[in-house]
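User: I am new to this structure and would like to learn how to read its features one at a time. Could you take me through them?

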Amino acid sequence: MTQTEYKIYIDDIVRRVEGARLSVSDYHIVKTVAVSKYSTASDIEKLYNIGQRAFGENKVQDLKAKAKTLEDLPIEWHFIGNLQKNKINNLLDINPALFHALDSLELALEIQKKLVAKDMFLDCLVQINSAKEESKHGLMPEDTIEIYKQIQNDCPNINLKGVMSIGAHSDDKTVVKNSFDTTYKIYKQLSNATICSMGMSGDFELAIECGSNMIRLGSIIFNK
Ligand SMILES: *Cc1c(COP(=O)(O)O)cnc(C)c1O
């Protein structure tokens with residue numbers, strides 16, 4: 001797509017996000033992370049040129065390659081995928097703005113070790129498998145608060161900022177809403193949590209209505 005076509009897409013998305021966030025409150029601010037995993041560095045640059053600053057990738061090697069190609073632009077990179085232990089150092093080398101998918105205490109402890117060795121800190125969200133789907137990663141809702149506290153205690157170099165969820169995989173809006181409500185309820189009980197990352201191309205308005213303040217949009221932006 002051309003930059004002008006992207007502008008048309010983005011303007012429409014911004015209007016939809018505005019409608020959803022204002023239905024919550026005038027003060028409810030929602031941040032959009034453009035998920036560029038289906039796209040090239042040149043697509044990202046076009047979006048950057050019309051004002052988008054936060055981009056998300058779900059594979060460490062793709063994030064690394066695109067961050068390198070676009071290193072002259074002050075892009076805010078988010079890592080939204082599941083992280084294997086042998087990729088932690090590669091991820092830390094990119095120093096992402098936020099890791100959305102911390103899904104076990106074990107992984108947190110491993111990240112903590114590497115952070116200490118590099119004298120670094122990392123902002124993270126814990127991923128909650130709110131609909132308890134086998135195909136998804138994430139903490140079980142009933143375990144989340146305790147594990148969150150444990151990470152806060154045991155991993156001083158990890159700054160926990162809140163939670164991330166992928167909406168239930170269902171055509172039934174009530175089922176999807178329930179999954180977002182589950183995540184939001186947990187988010188409200190966490191101390192110092194400021195980010196509730198939920199909502200993708202197919203369900204972002206519903207997610208915002210359920211309290212999300214960070215949405216991750218891929219296909220709807222990149223037309224893929
Ligand atoms: C791919 C992906 C998205 C974006 O999905 P779309 O449906 O294309 O908007 C959001 N979150 C995560 C974790 C993803 O892997």
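Analyst: We will go through a helix, the nonpolar core, some single residues, two backbone angles and two pockets. Please keep in mind throughout that this is a predicted model.

User: Let us begin with a helix. How many residues does helix 6 have, and what distance does it reach from its first C-alpha to its last?

Analyst: A helix can be read by setting its end-to-end reach beside the reach expected at 1.5 Å a residue. Helix 6, which covers residues 141-154, has 14 residues and reaches 20 Å, close to the 20 Å expected.

User: Which residues of helix 6 are buried, and what covers them?

Analyst: The buried residues of this helix are Pro141, Thr144, Ile147, Tyr148 and Ile151. Their cover includes three strands, namely strand 4 (98-102), strand 5 (122-127) and strand 6 (158-165), together with helix 5 (105-118) and helix 7 (173-189).

User: Which residues touch the most other members of the largest nonpolar core?

Analyst: The general idea is that in soluble globular proteins nonpolar side chains tend to be buried together. In this model the largest nonpolar core has 69 residues, and those touching the most other members are Leu83, Phe99, Leu102, Ile111, Ile151 and Ile158. Ile151 is also one of the buried residues of helix 6. Phenylalanine 99, when residues up to four places away in sequence are not counted, touches Phe79, Gly81, Leu83, Leu107, Ile111, Leu122, Asp123, Cys124 and Leu125.

User: Glycine 81 is among those partners of phenylalanine 99. Where is glycine 81 placed, and is it buried or exposed?

Analyst: Glycine 81 sits in the loop between strand 3 (76-79) and helix 4. It counts as buried because its relative accessibility is 5%, and buried means under 20%. Leaving out residues up to four places away in sequence, glycine 81 touches Glu57, Asn58, Phe99 and Ala101. Its C-alpha atom and that of tyrosine 9, which are 72 residues apart along the chain, are separated by 25 Å.

User: How should I read separation along the chain beside separation in space for lysine 118 and leucine 92?

Analyst: The two numbers are best read side by side. Lysine 118 and leucine 92 are 26 residues apart along the chain, and their C-alpha atoms are separated by 8.6 Å. Lysine 118 belongs to helix 5 and is partly exposed, with a relative accessible area of 32%. Beyond its neighbours within four places in sequence, it is in contact with Asn89, Leu92 and Asp93. For another pair, lysine 68 and valine 126, the separation is 58 residues along the chain and 27 Å between C-alpha atoms. Lysine 68 is found in helix 3 (residues 60-69) and counts as exposed, at 55% relative accessibility.

User: What is unusual to look for in the backbone angle phi, and what is the phi of asparagine 95?

Analyst: Most residues other than glycine have a negative phi. Asparagine 95, although it is not a glycine, has a positive phi of about 50°. This residue is found in the loop between helix 4 (88-94) and strand 4, and it is partly exposed, with a relative accessible area of 49%. Aspartate 119 also has a positive phi, near 55°; it lies in the loop between helix 5 and strand 5 and counts as exposed, at 66% relative accessibility.

User: Finally, what volume does the largest pocket have, and which residues lie nearest its centre?

Analyst: A pocket can be described by its volume and by the residues that line it. The largest pocket has a volume of about 330 Å³, and among its 19 lining residues Lys37, Ile80, Ile166, Met200 and Arg216 lie nearest the centre. By class, its lining has six nonpolar, ten polar and three charged residues.

User: Which element gives the largest share of the lining of the second largest pocket?

Analyst: That share, six residues, comes from helix 1. The second largest pocket has a volume of about 240 Å³, and its lining has six nonpolar, three polar and three charged residues. One of the lining residues is Thr32, which is placed in strand 1 (residues 31-35) and is buried, with a relative accessible area of 19%. Leaving aside neighbours within four places in sequence, threonine 32 is in contact with Val17, Gln52, Ala54, Ile215, Leu217 and Ile221.

Terms used:
Residues numbered from 1 in each chain as written. Predicted model: local features only at pLDDT ≥ 70, side-chain atom pairs only at ≥ 80, totals over all residues. Heavy atoms only, no water. Helix = DSSP H or I, 4+ residues; strand = E, 2+ residues; numbered from the N terminus. Expected span 1.5 Å × (residues − 1). Buried < 20%, exposed > 50% of the residue type's maximum accessible area, 1.4 Å probe, protein only. Contact = heavy atoms within 4.5 Å. 1 Å grid on protein atoms, 1.4 Å probe; cavity = no way out; pocket = protein on both sides within 12 Å on 5 of 7 lines; lining within 4 Å. Points joined across faces, edges and corners; volume = space filled by probe spheres on them. Nonpolar A, V, L, I, M, F, W, Y, C, P; charged D, E, K, R; others polar. Core = buried A, V, L, I, M, F, W, Y, C linked by side-chain atoms within 4.5 Å.
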